[in-house]
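Colleague: Could you walk me through how to read a model like this one, feature by feature? I would like to start with the ligand.

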Amino acid sequence: MNLFEQIGSETIEKVITEFYIRAFDDIIIGHFFFGKDRLDITKKQIDFAIAMLGGPRNYNGKPLETAHEALSIRPPHFGRRQVLMADVLSECGVEEDLAKGWLTMEERLRPLIFKKAIKPDCNHSK
Ligand code: HEM
């Protein structure tokens, strides 16, 4: 059984819904969500998570690179997201090894979320 089958869509929806309630209000990453539509992002992320975990592929949002490219997200922001996700997964009763599997799949997406580093130009003319 894959992670989608083991966790189940009801719990996945509960986890993502609760995660975004916390993320929007979070002191470290909440500012990224100012002015954004929480219900819309929650719905898209539920579809994304279901597909990622091995369920039906109904995600019709933007590719992750495009959705995040204007946001200047840095590694500590990603780390904070994972802390919130780990808390929510545990509080929603997702077994530890399943939660670990979910978080590991998200870890692999890191390179798609960060803004491309701007190469330093050390040859500025004076
Ligand atoms: C594995 C990690 C992540 C996944 C799977 C993910 C997934 C998504 C998805 C599916 C959307 C909706 C795209 C659309 O509107 O078409 C989205 C939007 C968004 N995400 Fe993420 N995200 C991740 C990490 C992060 C992090 C670390 C932050 C900030 C701390 C973040 C902030 C946002 C914001 C602000 C939007 C709304 C963008 C907009 O509407 O302009 N995401 N994300």
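Modeller: Gladly, and keep in mind that this is a predicted model. For a ligand, begin with the polar atoms that approach it. Here a polar side-chain atom of Lys-36 lies 2.8 Å from an oxygen atom of the ligand.

Colleague: Which part of Lys-62 lies 2.6 Å from an oxygen atom of the ligand?

Modeller: Look at the backbone: a backbone N or O atom of Lys-62 is the one at 2.6 Å from a ligand oxygen. His-68 is a side-chain case, with an N or O atom of its side chain 2.8 Å from a nitrogen atom of the ligand.

Colleague: Which residues around the ligand come nearest?

Modeller: Out of 22 residues around the ligand, the nearest are Phe-32, Lys-36, Gln-45, Lys-62 and His-68. Then sort the shell by class: it holds 13 nonpolar, four polar and five charged residues.

Colleague: And which helix gives the largest share of that shell?

Modeller: That is α3, with four residues. The helices that each supply at least two shell residues are α3 (38-52), α4 (64-68) and α5. As for the space itself, the ligand takes up the largest pocket.

Colleague: Let us step back to the fold. How many helices and strands does the chain have?

Modeller: Count the elements, then read their order. The chain has seven helices and zero strands, so its pattern along the sequence is α-α-α-α-α-α-α. For overall dimensions, the C-alpha atoms fill a box of roughly 60 × 30 × 30 Å along the principal axes.

Colleague: What share of the residues is buried?

Modeller: Buried residues are 38% of the 126 in the chain. It also helps to ask how far along the sequence contacts reach: among those between residues at least 6 apart, 75% join residues at least 24 apart.

Colleague: Now single residues. Is Gln-82 buried or exposed?

Modeller: Start from its relative accessibility. Gln-82 counts as buried because its value of 9% falls under the 20% cut-off. It sits in helix α5, residues 75-91. Leaving out residues up to four places away in sequence, Gln-82 touches Leu-103, Glu-106 and Glu-107.

Colleague: Where is Val-94 found, and what does Val-94 touch?

Modeller: Val-94 belongs to the loop between α5 and α6. At 10% relative accessibility, Val-94 is buried too. Again not counting residues up to four places away, Val-94 touches Ile-7, Thr-11, Val-15, Leu-89 and Ala-99. Sequence separation and distance in space are worth checking side by side: Val-94 and Gly-55 are 39 residues apart along the chain, with 17 Å between their C-alpha atoms.

Colleague: Where is Lys-100 placed, and is Lys-100 buried or exposed?

Modeller: Lys-100 is in helix α6, residues 96-107. Its relative accessibility is 61%, so Lys-100 counts as exposed. The C-alpha atom of Lys-100 is 8.3 Å from that of Ala-86, which is 14 residues away along the chain.

Colleague: How should I read a side-chain pairing, say for Arg-22?

Modeller: List the contacts, then look for a polar one among them. Arg-22, in helix α2 (residues 9-24), is in contact with Leu-84, Asp-87, Val-88 and Glu-91, its neighbours within four places set aside. With Glu-91 there is a polar contact, side chain to side chain, at 2.7 Å. Arg-22 counts as partly exposed, at 24% relative accessibility. The C-alpha atoms of Arg-22 and Gln-6 are 25 Å apart, although just 16 residues separate them along the chain.

Colleague: What about backbone angles?

Modeller: Most residues other than glycine have a negative phi. Ser-72 has a positive phi of about 55°, although it is not a glycine. Ser-72 is in the loop between α4 and α5, and it is partly exposed, with a relative accessible area of 33%.

Colleague: Where is Arg-74 placed?

Modeller: Arg-74 is in the loop between α4 and α5, and it is partly exposed at 40%. In space, Arg-74 lies 6.1 Å from Phe-114, C-alpha to C-alpha, with their positions 40 residues apart in sequence.

Notes:
Residues numbered from 1 in each chain as written. Predicted model: local features only at pLDDT ≥ 70, side-chain atom pairs only at ≥ 80, totals over all residues. Heavy atoms only, no water. Buried < 20%, exposed > 50% of the residue type's maximum accessible area, 1.4 Å probe, protein only. Contact = heavy atoms within 4.5 Å. Near = heavy atom within 4 Å. Polar contact = N/O pair within 3.5 Å; in protein donor to acceptor, adjacent residues only side chain to side chain. 1 Å grid on protein atoms, 1.4 Å probe; cavity = no way out; pocket = protein on both sides within 12 Å on 5 of 7 lines; lining within 4 Å. Sits in = over half its atoms within 2 Å of the grid points. Nonpolar A, V, L, I, M, F, W, Y, C, P; charged D, E, K, R; others polar.
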